[in-house]
2 protein chains.
Amino acid sequence: MSGFSEKTSFAKAPETVAKTGISVMIKAVPQGSFFIFDIRHLELSIKHLLMPSAVNHDATVLRRIFQMSIPNNRLLSALDSGSFRKLHSKLETVPLEFGKDIYQPGEISTFVYFPESGIISLLSSVETDSTLEVGIVGNEGMVGIGVFLGVEKANNHALVQGEGTAFRMRSADLQAAVENDNQLRRVINLYVHSLITQISQTAACNRYHDIESRLARWLLMTQDRMRSDEFRITQEFLSNMLGVRREAVSKAAAGLQSNRLISYSRGNLSILNRKDLEKTACRCYRVIKKDYDDFLKESAF
Amino acid sequence: MSGFSEKTSFAKAPETVAKTGISVMIKAVPQGSFFIFDIRHLELSIKHLLMPSAVNHDATVLRRIFQMSIPNNRLLSALDSGSFRKLHSKLETVPLEFGKDIYQPGEISTFVYFPESGIISLLSSVETDSTLEVGIVGNEGMVGIGVFLGVEKANNHALVQGEGTAFRMRSADLQAAVENDNQLRRVINLYVHSLITQISQTAACNRYHDIESRLARWLLMTQDRMRSDEFRITQEFLSNMLGVRREAVSKAAAGLQSNRLISYSRGNLSILNRKDLEKTACRCYRVIKKDYDDFLKESAF
DNA sequence: CATCGTATGTGCGATACCGCACATATTAAG
DNA sequence: CTTAATATGTGCGGTATCGCACATACGATG
């Protein structure tokens, strides 16, 4: 596959990269060695691959090639090299800055976004003041399914909740791409389904479960997507996500803290005991995660 | 609606049926006259058309032509005649019986359904006992978007909430049709978007608004789809829809009744004052309805 | 250092909703 | 008619959450 034809002085560089099933094989001829890794663990694998003991050539070049050929977004990485190459020229990388509005309700969606890292929250609201998070998007998904579905205007609010980067693409380019590329359509269709499930389950969860459980669920979902045990987050922000008073967040967080599940001080939140946090969270977390995992399984082929 | 004059008689059945915009033109050649009516009032119009005083030929033939050419489901009727004819052989009409499960979560979806009348509720649940309605489907939509999106198993519970009839179609047939028919795909895509909006807005509504407002909203949405002022519905059932105790439904209904907005006795519910009921309902009703109307506008072309 | 804005902790009364218990009305079945 | 099953109305104490008020802590900025 792809751009390994680079004349980059790869005396010791991989000569061929072939995608087989869900894994990617890299063959580094001079050493006669090769590496296989699961694209689901791309980051991990790259680190491994770049360990000096294994490879002794220019790490940055290799990394760049990797990033070009296998984007760290599940939707894009599920595409075969042909599909992705066609998209590639339309994509640009942009930073996701905390608190930035990606979409405002009613606004024309100029771009769609495929996060590589960071998190974007999808919010619904009643009477402008009271907001509620209905969905979370990380590198497993995209923001802009409205565009994919043929609607110009965003219907809900999309907000950067955790810093990172994303590919973005003009809406028109996406629509054109979708029109011609069955594979792309199929992958995004599956994602849309997964998102609907997430929204539905979250709705029931918000109705039935108490704040502390929901906070636990939210933290777990965030951690899954941030792949970090620590993040900065204000109570005010959390209150908008969970749809409760800020004071209630304060109380719920104190509850989790007293059980040593998290430590939370002035916006610096870190998860201390993931296992027990899962117990505190309602089953909804598992339900959503299962669907999410199934979706990843189905979309990787 | 419109130019249906009583005096005009159909010596013969309409010779051509042409769709223009959102209206349908029927040309009855012998008289050189034609009729235009809004497909939104199709049922009404057909009844009117088939009044003995107006028509003196074989009513069943005419009715069949109508049903073949303009199904009373917005998704199907948005298709041009070519698209629809291709689907037609795959469709069969089935009754929607009250209380029947269309989908159970986790179950393989054998069929998809395009209601012509009646209502199907989409339910989400936590721990089997506590359910919550996340979406309502009437003749504006379909049940089985999971199939459309490429997923075999249903993710949520779909339940007949109001009797009626629906077209149904094998899932495989839908998938094949979607693959080849851009127009069909486009229409259902728009519907999926509309449904996502509905689910999201409902989620926020359930979080923020009190039971009486939500009950009012629910009744309005149901009335829109049943096109009837009266329906049978138990408190137990309503409690599952709104995700509250049955007793709470009793209280909320009593509230509406004391203001003479509805009359409700032992399952027989009738809406007395729609206007004021809309005032009691939260703004969510309007928001959802607006999106729903916009969707209908966009999908009719 | 002083100041100010922002984030956080806490307490208290009000309220919406829950859970349960029980009475009553209606329909269905024997 | 009797009985059972189902649907509905009502009351009461408990609890989660709200709304508001206020005290406190921290960070940025001058």
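Here is a short chat about how two protein chains and a DNA strand sit together in a predicted model.

User: What should I know before I start?

Analyst: This is a predicted model, where local features need pLDDT of at least 70, side-chain atom pairs count only at pLDDT 80 or more, and totals for chains, interfaces and linings use all residues. Residues are numbered from 1 along each chain as its sequence is written, chains are lettered from A and ligands numbered from 1 in the order in which they are written, and side-chain values use heavy atoms, leaving out hydrogens and water.

User: What makes a residue "near" DNA strand D?

Analyst: One of its heavy atoms has to lie within 4 Å of the strand. There are 18 residues around DNA strand D, and Arg245(A), Glu247(A), Arg266(A), Arg207(B) and Gln235(B) come nearest. They divide into four nonpolar, five polar and nine charged; here Asp, Glu, Lys and Arg count as charged, Ala, Val, Leu, Ile, Met, Phe, Trp, Tyr, Cys and Pro as nonpolar, and the others, Gly among them, as polar.

User: Why is the pair between Ile211(A) and DNA strand D called a polar contact?

Analyst: A polar contact is a pair of N or O atoms within 3.5 Å; within protein, one must be able to donate a hydrogen and the other to accept it, and residues adjacent in sequence count only if both atoms are side-chain atoms. A backbone N or O atom of Ile211(A) is 3.1 Å from a phosphate oxygen of DNA strand D, so the pair qualifies. In Ser250(B), a side-chain N or O atom is 3.2 Å from a phosphate oxygen of the strand.

User: How do you know that chains A and B are related by a two-fold axis?

Analyst: Chain A lands on chain B after a rotation of 180° with 0.0 Å of shift along the axis (RMSD 0.0 Å). That is the relation of a two-fold axis. The copies are superposed by least squares on C-alpha atoms of residues with pLDDT of at least 70 in both.

User: What makes Leu174(A) a "buried" residue, and why do the buried residues of H6(A) line one face?

Analyst: Buried means under 20% relative accessible area, exposed over 50%, and partly exposed in between (1.4 Å probe, protein chains only). In helix H6 (residues 171-180) of chain A, Ser171(A), Leu174(A), Ala177(A) and Val178(A) are buried. Seen down the helix axis, they fall within an arc of 125°, so they line one face; the arc is that of the directions from the axis to the C-beta atoms. On the other side, Ala172(A) and Asn180(A) are exposed.

Terms used
Helices (H or I, at least four residues) and strands (E, at least two) are DSSP runs, numbered from the N terminus.
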